Amino acid sequence: MSASQDQDEASSYQLCRIMRPDDANIVGNVHGGTILKMIEEAGCIIGTRHCNIQSGDRCVAALARVEKTEFLFPMFIGEVAHVNAEITYASKHSVEVQVNVTAENILTGAKKLTNKATLWYVPCSLKNVNKIVAVPPIQYASPEQEEEGRKRYEAQKAARQETKERNEEVVPPVSNQEPHTVGFSQSSLIHLVGPVDCTLNNFVHGGVTMKLMDEVAGIVAARHCNTNIVTASVDTINFHRKIQKGSVVTVSGRMTFTSNKSMGIEVFVDAEPLFEAKQGKYRAVSAYFTYISLDKFNKTQPVPPLKVEGEEEQKRFDEANTRYLYNKAKRLELKQLNELSS
């Protein structure tokens, strides 16, 4: 088999799995965290395969960042999830993986596109996890395609730098019991990292972390509106530092924004090595989730407005509102482009 054939096989991958009752909430909607975990598994497999087509250090692809992830339609128990991953750009030390998720009703054969995501991975040597190995180049259909990929790479690199400014922010406990305030719905989850959560080099799978984050965000959303809630999108997830096996992770979520029919939730993951306490707790991951509320017919419905208290909460609300208006404008622009091309 030629090197180009090896590269072609390593640059795309499909994962399929039927959705079971333990993958969904009490009304049958598959958890967003379950889908995020499958997306990351497919991305990790394709990224690791590609980075090992060359000779030299064996490596595993470590998740560095997740771009905006769209939840276009809900997925239900009994449907088959088809997760298609493709490498779309490779820099010297990172790969971009784009993933589409399709849900298939195996009784009727009907299929629908439910999710779209973009992930960035870096290859870490199995011999030395702190060593980032070189990424094999990929073949592009045209110079324009390569240039577009380079622009996406530079954009995500700049965005990651911006998030570092807030990396030391602490999420303090809040005791406000008034409904629809930040303190009322703020939630946290504590998890001990075991072998089942980890990669070959004993660091946590990105998908495991994303699933925990989605669970906490879901609790925050449910406490705020007391209805059936589902993940609508994930703006970005930034993986700042690796989490080792044996660490205790604290996943904290708080409501920062509400529109008429959506809720913005900020989620942080802090890790503390259990057997190396001198290292102290550190910020490992940060993200921003958007949830919506559904009625008994699975239609979106209004959510209670968030009661903002104090300057810090108002600042976070205003920042989230700016992000909401930007994303709304982008969706409208994309819709218009699709209408023109159809």
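The radius of gyration is taken over C-alpha atoms, and the globule rule against which it is set is 2.2 Å times the number of residues to the power 0.38. For the predicted model considered here, which has 342 residues, a compact globule would have a radius of gyration near 20 Å by this rule, and the protein, with 20 Å, therefore agrees with it. The C-alpha trace spans about 65 × 60 × 40 Å along its principal axes, and the chain contains six helices and 12 strands. Of the contacts between residues at least 6 apart in sequence, 75% join residues that are at least 24 apart.

Half of the picture concerns the interior, as 50% of the 342 residues count as buried. The largest nonpolar core has 76 residues, and those with the most contacts inside it are Met213, Ile237, Ile243 and Phe289. Helix α5, residues 206–225, supplies the largest share of this core, namely nine residues. When residues up to four places away in sequence are not counted, Ile243 touches a set of residues that includes Val193, Phe203, Val204, Val249, Val269 and Tyr282, together with Asn202 and Thr209. A further buried position is Thr69 in strand β3, which comprises residues 69–71; Thr69 is assigned to this class because its relative accessibility is 1%, where buried means under 20%. With the same exclusion of residues up to four places away, Thr69 touches Leu36, Ile39, Lys116 and Ala117, as well as Ala232, Ser233, Val234 and Asp235.

At the surface, the protein exposes about 17,400 Å², of which carbon and sulfur atoms supply 54%. A nonpolar patch is formed there by Ile18, Ile106 and Leu107, which together have about 330 Å² of accessible area. Leu107 lies in the loop between β5 (95–104) and β6 (111–125), and Leu107 counts as exposed because its relative accessibility is 80%.

Backbone conformation was also examined. Most residues other than glycine have a negative phi. His180, by contrast, has a positive phi near 70° and lies in the loop between α3 (143–163) and α4 (182–185); with a relative accessible area of 25%, His180 is partly exposed. Asn226 likewise has a positive phi, of about 55°, although it is not a glycine, and is found in the loop between α5 and β8 (228–239). Asn226 counts as exposed, since its relative accessibility is 67%.

Notes. Residues numbered from 1 in each chain as written. Predicted model: local features only at pLDDT ≥ 70, side-chain atom pairs only at ≥ 80, totals over all residues. Heavy atoms only, no water. Patch = residues over 30% accessible without salt bridge, like charges linked within 9 Å, V, L, I, M, F, W, Y side chains within 5 Å. Areas by Shrake-Rupley, 256 points an atom, 1.4 Å probe, with all protein chains shown as cover. Salt bridge = Lys/Arg side-chain N within 4 Å of Asp/Glu carboxyl O. Helix = DSSP H or I, 4+ residues; strand = E, 2+ residues; numbered from the N terminus. Buried < 20%, exposed > 50% of the residue type's maximum accessible area, 1.4 Å probe, protein only. Contact = heavy atoms within 4.5 Å. Core = buried A, V, L, I, M, F, W, Y, C linked by side-chain atoms within 4.5 Å.
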